[in-house]
Amino acid sequence: MKNNQNIFKKLDKNIGQKLSIGIARSLWNQEITDKLYHGCISTLTEYGVRQENIKTFEVGGSFELIYAASYMQDQTIDSIACLDAIILIGSIIKGETPHFEFISQSIINGVKDLNIKKDAPPIILSISTDFNQQQALDRAGGKYGNKGSDGALTALHLISEQHKLFYSF
């Protein structure tokens with residue numbers, strides 16, 4: 001497995017100055033989600049997003065991230081979305097039952113449904129799905145980078161591409 005952050009090397013370091021980003025964060029497997037969350041926040045601020053423009057919605061488990069994303073997507077002022085993107089942070093570690101598969105697939109389907117809503121901010125997945133704790137740690141700032149940081153870069157890149165297509169930026 002390789003880290004793909006180099007695909008974002010042309011991203012403008014000041015892109016975030018006028019952006020508002022939502023983060024929905026699961027508290028389950030908090031050792032992992034804390035690291036993902038801090039990686040995400042660090043990357044967003046590195047690219048100019050002001051701390052006060054990062055809105056965090058904490059939920060108990062990864063399944064509830066769907067609700068948090070939907071809620072955050074629906075927040076508007078004068079029919080304009082309050083957020084430019086929403087990043088979902090969670091950690092699902094396989095246990096001895098099929099629960100892992102049910103939760104993982106439900107989240108993917110829920111996010112897919114939300115991402116096709118018209119005039120709503122995009123939702124980015126930074127949910128680590130791993131077979132064990134070590135794999136999760138490896139993706140939360142370990143040897144495979146930080147998937148929270150990757151999610152922040154993905155959101156910023158997507159916003160940048162939207163602006164290139166439709167707005168003067």
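**Entry 1: the first β-α-β unit**

I began with strand β1, helix α1 (residues 30–46) and strand β2, and I noted that together they make a right-handed β-α-β unit. I keep in mind throughout that this is a predicted model. When I looked at how the two strands of this unit sit together, I found that β1 (residues 21–26) and β2 (residues 54–59) pair in the parallel sense, over 6 bridges. To fix one such place for myself, I looked up arginine 25, and its bridge partner in β2 is glutamate 58.

**Entry 2: helix α1 and its two ends**

I then turned to α1 itself, which has 17 residues and reaches 24 Å from its first C-alpha to its last, close to the 24 Å expected at 1.5 Å a residue. I listed its buried residues, and they are Ile32, Thr33, Leu36, Tyr37, Gly39, Cys40, Ile41, Thr43 and Leu44.

I chose one residue of this helix, threonine 43, and asked myself whether threonine 43 is buried or exposed. Its relative accessible area is 6%, and because buried means under 20%, threonine 43 counts as buried. Setting aside its neighbours within four places in sequence, I found threonine 43 in contact with Ser149, Ala152 and Leu153.

At the ends of the helix I looked at backbone angles. In the loop between β1 and α1 I came to asparagine 29, whose phi is near 55°, a positive value in a residue other than glycine. I reminded myself that most residues other than glycine have a negative phi. Asparagine 29 is partly exposed, with a relative accessible area of 25%. Just after α1, I noted that glycine 48 takes a positive phi of about 95°.

**Entry 3: the cysteines**

How many disulfides does the structure hold? I found 0. Cysteine 40 is in no disulfide, and the nearest cysteine sulfur, that of cysteine 82, is 19 Å away. A disulfide needs the two sulfur atoms within 2.5 Å, so I could not count this pair as one. I also compared their surroundings: cysteine 40 counts as buried at 0% relative accessibility, whereas cysteine 82 is partly exposed, with a relative accessible area of 31%.

**Entry 4: the second β-α-β unit**

Further along the chain I found that β5, α3 and β6 also make a right-handed β-α-β unit. The strands β5 and β6 run parallel and are joined by 8 bridges, and in one place I saw glycine 90 standing opposite isoleucine 127 in β6. I noted as well that β6 is mostly covered, since 6 of its 8 residues are buried.

Helix α3 (residues 99–115) has 17 residues and reaches 24 Å from its first C-alpha to its last, close to the 24 Å expected at 1.5 Å a residue. Its buried residues are Phe100, Ile103, Ser104, Ile107, Gly110, Val111 and Leu114. Why do I say that they line one face of the helix? Seen down the axis of α3, the buried residues fall within an arc of 135°, and so they line one face. I then asked what they pack against, and I found α2 (65–73), β5 (85–93) and β6 (123–130).

**Entry 5: residues around α3**

In helix α2 I looked up glutamine 73, which counts as buried at 4% relative accessibility. Leaving aside its neighbours within four places in sequence, I found glutamine 73 in contact with several residues, among them Ile86, Leu114 and Ile123.

In the loop between α3 and β6 I came to aspartate 119, whose phi is near 60°, again a positive value in a residue other than glycine. At 69% relative accessibility, aspartate 119 counts as exposed. In the loop between β5 and α3 I noted threonine 97, which counts as partly exposed at 48%. From threonine 97 to arginine 139 there are 42 residues in sequence and 23 Å in space, C-alpha to C-alpha.

**Entry 6: helix α5**

Last, I looked at helix α5 (residues 147–166), which has 20 residues and reaches 28 Å from its first C-alpha to its last, close to the 28 Å expected at 1.5 Å a residue. Its buried residues include Ser149, Ala152 and Leu153, which I had already met as contacts of threonine 43. The buried residues of α5 pack against β1, α1, β5, β6 and β8 (145–146).

Key
Residues numbered from 1 in each chain as written. Predicted model: local features only at pLDDT ≥ 70, side-chain atom pairs only at ≥ 80, totals over all residues. Heavy atoms only, no water. Buried < 20%, exposed > 50% of the residue type's maximum accessible area, 1.4 Å probe, protein only. Pairing = 2+ DSSP bridges. Helix = DSSP H or I, 4+ residues; strand = E, 2+ residues; numbered from the N terminus. Right-handed = clockwise from strand over helix to strand, strands pointing away. Contact = heavy atoms within 4.5 Å. Expected span 1.5 Å × (residues − 1). Arc of directions from axis to C-beta.
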